[in-house]
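Open the model in your viewer and keep the sequence panel in sight. Each stop below gives a selection and then what is there.

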Amino acid sequence: MFTTTSRRRAGAIGLAATAALVLAACSSAGTSEEPSESASAAPAEETASAFPVTLDTVMGEVTVESEPQRVVTLGSHEHEYLYALGVAPVAVPVSWQGYDNGTGPWADEDRIAAGAEPELFEPGTTTYDAELIASFEPDLIVATYPNHTMTQEEYDLLSGIAPVVTRPATGSDGVETVEWGVTLADELTLLAEATGTTDEAEAIIEEIDAAYAEVREAHPEWEGKSSQVGGYYEGQAFVYAASDTRNQFLANVGLDVASVEGTDAAWLQISSEQLDVLTDLDAIVWQVATTPDARTELEKLPLFDSLGLNEKGGSIWLSDPILEGAFFANSPSSILYSIDAFVPMLEQALDGDPATEVVEFSSEG
């Protein structure tokens with residue numbers, strides 16, 4: 001069965017196998033010499049040469065003097081990025097879905113490969129517990145996708161413990177980043193600079209770009225199709241801002257993400273009387289996994305049946321909690337997991353035939 005990181009591992013395994021063959025050939029050639037000290041020290045020297053590094057973050061410039069050895073993360077997915085880079089944080093927040101080791105199964109292969117067995121802690125929903133964070137003795141604190149907006153006072157307090165890396169000040173396009181809307185490439189690049197793993201980041205970004213490109217090339221008919229990610233909360237439907245990472249995913253597989261007026265905020269609730277603002281969309285991914293009654297409540301809304309996407313069979317019901325978690329995480333491993341899960345559903349939803357059943361993904365097979 002496909003594992004979430006098997007595609008990424010394939011390249012690494014291939015390189016490792018090649019290296020093993022080369023070493024074996026050298027051994028069989030009759031040499032018994034141990035690897036030279038200078039050769040074995042080269043990777044460490046290359047990493048050391050990456051420091052000190054000064055990073056431009058939304059909270060200002062921060063300098064990391066040397067390779068971090070004890071990293072603490074404060075947000076919901078930063079540790080998954082670090083696992084992918086081969087970095088093992090010593091402490092991470094508890095998973096909002098209750099998973100062991102603070103992350104879902106899609107990232108477990110990366111975690112194990114990085115040798116990470118982090119301590120788990122409650123990050124707090126409105127304030128950060130500086131005393132608790134300090135108890136982990138971090139030499140780097142990562143908050144590029146925090147659970148709540150970090151205040152200047154909190155930043156200053158935590159910076160007294162260790163350098164604090166928040167999201168990049170600007171993205172690769174030179175535009176100021178928005179909270180909870182940073183791209184994978186920009187966030188991964190920043191974290192790689194902070195941990196001396198830039199080569200690893202470049203390889204990961206190349207792989208993710210190739211995976212998205214493969215989907216787009218296989219589905220040119222999706223060009224011009226519009227989509228959004230939504231759900232149901234406190235009696236109203238809602239959609240996310242176009243910059244949200246889930247909508248970034250839809251855009252990356254080749255769909256046009258609809259910008260609904262008012263979604264400059266992270267998300268926008270839509271009253272039942274205004275539901276028709278969604279009427280022209282070709283597909284909507286409805287998040288209903290963690291709110292089991294949401295589908296029923298959405299379908300009961302007065303204007304739901306009149307939505308144009310119903311005539312096209314464009315509703316995708318995201319009812320699997322593991323996929324919902326992966327879709328939210330937007331980490332290297334979760335993106336590969338989400339691509340494999342979503343493509344079949346998108347194919348069914350976007351074929352223009354309302355009679356086509358969109359088979360809901362199940363992680364249980």
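The tour runs from the whole chain to helix pairs, then to single residues.

**Stop 1: the whole chain**

Show everything as cartoon. This is a predicted model. The protein chain has 13 helices and 13 strands. It is 365 residues long, and 47% of them count as buried.

Switch on the surface. The accessible area comes to about 17,300 Å². Carbon and sulfur atoms hold 52% of that area. Now think about contacts along the chain. Among those with a separation of 6 or more, 69% join residues 24 or more positions apart.

**Stop 2: helix 12 against helix 13**

Select residues 321-329, which form helix 12, and residues 332-349, which form helix 13. At what angle do the two pack? The angle is about 120 degrees, and the axes lie 9 Å apart. An angle of that size makes helix 12 oblique to helix 13. Their crossing is left-handed.

Add side chains at the contact. From helix 12, show Ile322, Leu323, Ala326, Phe327 and Ala329. From helix 13, show Ser334, Tyr337, Ser338, Ala341, Phe342 and Met345. Colour this contact of helix 12 with helix 13 by residue class: nine are nonpolar, two are polar and none is charged.

**Stop 3: the loop between them**

Stay with helix 12 and helix 13, and select the loop that joins them. Asn330 sits in this loop. Its phi is positive, about 55 degrees, although Asn330 is not a glycine. Asn330 has a relative accessible area of 3%, so it is buried.

Move on to Ser331, in the loop between helix 12 and helix 13 as well. Is Ser331 buried or exposed? Its relative accessible area is 0%, so Ser331 is buried. Which residues does Ser331 touch, leaving out those up to four places away in sequence? They are Glu80, Tyr81, Trp106 and Leu184. Show these four as sticks around Ser331. Keep Leu184 displayed; it returns at a later stop as part of the contact between helix 7 and helix 8.

**Stop 4: helix 8 against helix 13**

Keep helix 13 and add residues 198-218, which are helix 8. The angle between helix 8 and helix 13 is about 10 degrees, with 10 Å between the axes. Helix 8 and helix 13 are therefore roughly parallel to each other.

Look between them. Helix 8 brings Ile204, Glu207, Ile208, Ala211, Tyr212 and Val215. Helix 13 answers with Pro332, Ile335, Leu336, Ile339 and Val343. The contact of helix 8 with helix 13 counts 10 nonpolar residues, no polar ones and one charged.

**Stop 5: helix 7 against helix 8**

Keep helix 8, hide helix 13, and select residues 184-195 for helix 7. The axes of helix 7 and helix 8 come within 8 Å and cross at roughly 165 degrees. Helix 7 and helix 8 are therefore roughly antiparallel to each other. Helix 7 passes helix 8 in a right-handed crossing.

Show the contact residues. On helix 7 they are Leu184, Ala185, Leu188, Thr189, Ala192 and Glu193. On helix 8 they are Thr198, Ala201, Ile204 and Ile205. For the contact of helix 7 with helix 8, the division is seven nonpolar, two polar and one charged. Pick out Ile204: it takes part in the contact with helix 7 and also in the one with helix 13.

**Stop 6: Thr183**

Step back along the chain to Thr183. It lies in the loop between strand 7 (164-166) and helix 7. Thr183 counts as partly exposed because its relative accessibility is 31%. Measure from its C-alpha to that of Gln248: the separation is 7.6 Å, although the two are 65 residues apart along the chain.

**Stop 7: two backbone details**

Select Phe51 and Pro52. The peptide bond from Phe51 to Pro52 is cis, with omega near 0 degrees. Pro52 is in the loop between helix 2 (37-48) and strand 1 (53-57).

Finish at Glu137, in the loop between helix 5 (130-135) and strand 6 (140-143). Glu137 is not a glycine, yet its phi is positive at about 50 degrees. With 57% relative accessibility, Glu137 counts as exposed, whereas Asn330, with its own positive phi, is buried.

Key
Residues numbered from 1 in each chain as written. Predicted model: local features only at pLDDT ≥ 70, side-chain atom pairs only at ≥ 80, totals over all residues. Heavy atoms only, no water. Axes fitted to C-alpha atoms, helices over the stretch in contact; angles between N-to-C directions. Helix = DSSP H or I, 4+ residues; strand = E, 2+ residues; numbered from the N terminus. Parallel < 35°, antiparallel > 145°, perpendicular 65-115°, else oblique. Left-handed = near helix turned anticlockwise from the far one by under 90°. Contact = heavy atoms within 4.5 Å. Nonpolar A, V, L, I, M, F, W, Y, C, P; charged D, E, K, R; others polar. Buried < 20%, exposed > 50% of the residue type's maximum accessible area, 1.4 Å probe, protein only. Areas by Shrake-Rupley, 256 points an atom, 1.4 Å probe, with all protein chains shown as cover.
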